Amino acid sequence: MLKKISLLVFLFCFIIHAREIDYQKESQNIKQILNESMILYKENKNLEAKKKAEDAYFQHFENMEGSIGRNIGRKAIVMERKFVNLRKLYKDKADFSKIEALISSLYFDLDEVVPVLEKGFQLKAEVSDTNYDKKAAENSSIEAEKQRQAQAAAMFAALLGEEVKEQASSSPQTQKDNTQDENIKDDKALLALQEASAMDARLQFLMDSMISKLDQAALAFVNKDYQKSKDLIQSALFEDYRNSKVEVLVARYTKAGVDKKIQTKLRTIIRKINDNALDEKTIRDEISSISDLLYEAFLALPKEELALLQVKGFDENTISTKNYTKVYDDIKIALNDILQNYEGFNLNSIDALQNIYLDIFEASGMESKIGAIDSALKLKIESYFSKGVALIKASASKEELKQNFDELSVLIESSLDKIQESSPMSLFIWALGIILREGLEALIIIVAIVSYLVQSGNKNRLNIVYSALWSGVFLSFVTAFFISWIFKEHAGQSRELLEGITMLVAVALLFYVGFWLLSNAQNKKWANYVKTQAVEAISNNSVKTLWFSVFLAVYREGAETILFYQALLFDAKTSADYSFIFIGLASGLIILIILYYLLKAGALKIPVKQFFYITSYIIFYMVFVFTGKGIGELIEAKVITPSLLPFNFEGILWLGIYPYYESIIPQFMVLILLIMGIFITKQISNKREKI
């Protein structure tokens, strides 16, 4: 009896969970927010209107999207695309009539899908007899789930143009586990649906243009402006479908009759308007049917034949540009999922946030592209991810975590225009900036060591520097290859871990080199010895230390620098783009070589004591910064979970100072050691001079 009651409770809870989304309420919320967005747009507040459209999608439609995908299939893709286009229209300050028509079509879509969702493929279990057969009830529930999954599989297979394959049977326990993991399956199913909707950029632009005109035609019809409605349909037929030459491709490469059906449906709408034989539902249904036909036809067109297209208004430079807007959307959806389920400290939430950084932000190449263009922005975005982890660890309030996520989203969105739009000149500037930015720190250390060898009469040992330099360059390429290909599954995490470890090893070596130079700077006898140009013997240990110092100076940022250039090369589309990238790289290398000789010449002219003072203090600065940044990289690599300081502190990124105990405490200890070391070194040197 107890088991029966338990099963009843389980079934009741399952039913409640399956119906917990109030689709009608979500629909009304979306309509209200979109209406507010139109009001803002009329007040010339296009960015605020765009933000409202995003809120409607991320906070409400995203709750319905999985159910729409399961129950109505392609409708989820169509509606999602409308939200994407709406955001773009707001951003581009498009004509209000296009925005009004698009939102009107979304209203109609919502009214159409809500009744289906409320009565759709919901897993139901009703128990009216307390003496029911438990085994039969379990089997019935499992069978219902199997049928729902089979329907979803058939829908996806039809969308992909594949034959429906029978699923292998699974054990009752496996099926039960599948039922309990329904939400995970829904997310994967929707992802598969979105991936299936991939379409060439030219065809997507053409389809968006046609559907936009048809939506405007529907709104004009509702407003009884029949001539405008007919003109818009004619424009979609002739200016878009026919003049673009897509008509030829559809007739040639799709099933017989598809082209004729599309054109016939468009003409039929015009005829029915003339005959006064239409209502709003009919015209909307016809437009939806045409949209489905276009979608299927365009997906079937071979990409190698698309050069025939003549799409008016389409920017050909966007064909091979990576869609970072989709990456941004994925990040925002994932952040929203974490926020919705957030109830304080949870290791799963921390892991999910770190995976967003590694598996979406880094894995998509977005981090490298931002880093190639604006390293300060990249560091700031990373700091917000780390702060989010620290907030979850500290069980911060939901409002505080939401504020962090909102600010993070704003930062990532602010990068979209920079990383999406590239020209040969911008690629040149970015390529030049990368090598100069990443090369200067290494250059300072190399100049210091080369100048030391020259001033100490050890010119014959300069091969130490050159050997370490080329070893660092070579291993940077090897490491970049291993990270990109061998460790493809965890490339982001591997890279952060490698950078963190390299920085911390560099801290130890530079700490030693800095004090070695400082102690020599304060040794008057040694300084006089150098002035006489007597050859100072370098021990084996010294040789190894100098070699590793130069090697790490080059290797520390080498692999990341190569990945930055890889991001630029992926963005290049023409021979001019590639040429300007390599010209930028070559120009940067020439500038670094010139700087090297200028700095070396200047260093040799500086009095020995002042030279070693300046060099040692620059190295001490690097030791302090590398300590903080090294810990920061380990945080990003999921090795360390950060703990926030008990007061509001944003951090000083250029100093490698972050608002976490895990980085502040080691930096504070390093700072104390540096101060004590400088003081002790001076004391020892003073005593040595008195002897």
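**Why these labels apply**

Modeller: Helix α15 (residues 347-362) and helix α16 (residues 366-373) have axes that come within 7 Å and cross at roughly 75 degrees. The helices here are DSSP runs of H or I with at least four residues, strands are E runs of at least two, and both are numbered from the N terminus. An axis is a line fitted to C-alpha atoms, for helices over the stretch in contact, and the angle runs from 0 to 180 degrees between N-to-C directions.

Biologist: What makes α15 roughly perpendicular to α16?

Modeller: Angles of 65 to 115 degrees count as roughly perpendicular, under 35 as roughly parallel, over 145 as roughly antiparallel, and the rest as oblique. The crossing is roughly 75 degrees, so α15 is called roughly perpendicular to α16. Y357, F361 and E362 of α15 meet M366, E367 and I370 of α16, where contact means heavy atoms within 4.5 Å.

Biologist: Fair enough. What should I keep in mind about the model and its numbering?

Modeller: It's a predicted model, where local features need pLDDT of at least 70 and side-chain atom pairs count only at pLDDT 80 or more, while totals for chains, interfaces and linings use all residues. Residues are numbered from 1 along each chain as its sequence is written, and side-chain values use heavy atoms, with hydrogens and water left out.

Biologist: How many helices and strands does the chain have?

Modeller: The protein chain comes to 26 helices and zero strands. In its contacts with a separation of 6 or more, residues 24 or more positions apart account for 81%.

Biologist: Why is the D329 and R87 pair called a salt bridge?

Modeller: The term asks for a side-chain nitrogen of Lys or Arg within 4 Å of a carboxyl oxygen of Asp or Glu. D329 and R87 come to 2.8 Å, N to O, so the pair qualifies. This one links distant parts of the chain: D329 sits in helix α14 (residues 324-340) and R87 in helix α4 (residues 75-91), 242 residues apart. The two also belong to a salt-bridge network with K50, E54, K332 and E413. The whole structure holds 23 salt bridges.

Biologist: Why are D329 and R87 called buried?

Modeller: Buried means under 20% relative accessible area, exposed means over 50%, and partly exposed is in between, using a 1.4 Å probe and protein chains only. D329 has 9% and R87 has 8%, so both count as buried. Across the chain's 691 residues, 50% count as buried.

Biologist: What makes D240 and K213 a tie between separate parts of the sequence?

Modeller: Their closest N and O atoms are 3.1 Å apart, a salt bridge. D240 is in helix α10 (residues 226-242) and K213 in helix α9 (residues 201-222), so the bridge ties together parts 27 residues apart in sequence. D240 is at 8%, hence buried, and K213 is buried too, at 15%.

Biologist: And E280 with R284: buried, partly exposed or exposed?

Modeller: E280 has a relative accessible area of 33%, so it is partly exposed, whereas R284, at 5%, is buried. Their salt bridge has its closest N and O atoms 3.5 Å apart. Both lie in helix α13 (residues 280-300), four residues apart, about one turn of the helix.

Biologist: What makes F668 and its partners a nonpolar surface patch?

Modeller: Patch residues have over 30% relative accessible area and no salt bridge; nonpolar side chains (Val, Leu, Ile, Met, Phe, Trp, Tyr) are joined within 5 Å, like charges within 9 Å. F668, I672, M676, F679, I680 and I684 make such a nonpolar patch, of about 590 Å², with areas from the Shrake-Rupley method, a 1.4 Å probe and, for residues, only the protein chains shown as cover. F668 lies in helix α26 (residues 661-690) and is exposed, at 51%.

Biologist: How do you know that S643 is buried?

Modeller: Its relative accessible area is 18%, so S643 is buried. S643 is in the loop between α25 and α26. Setting aside residues up to four places away, S643 touches A390, K393, P659, Y660, Y661 and E662.

Biologist: Which residues does K387 contact beyond its neighbours within four places in sequence?

Modeller: K387 meets N404, L644, E650 and Y660. K387 lies in helix α17 (residues 375-393) and is buried, at 17%.
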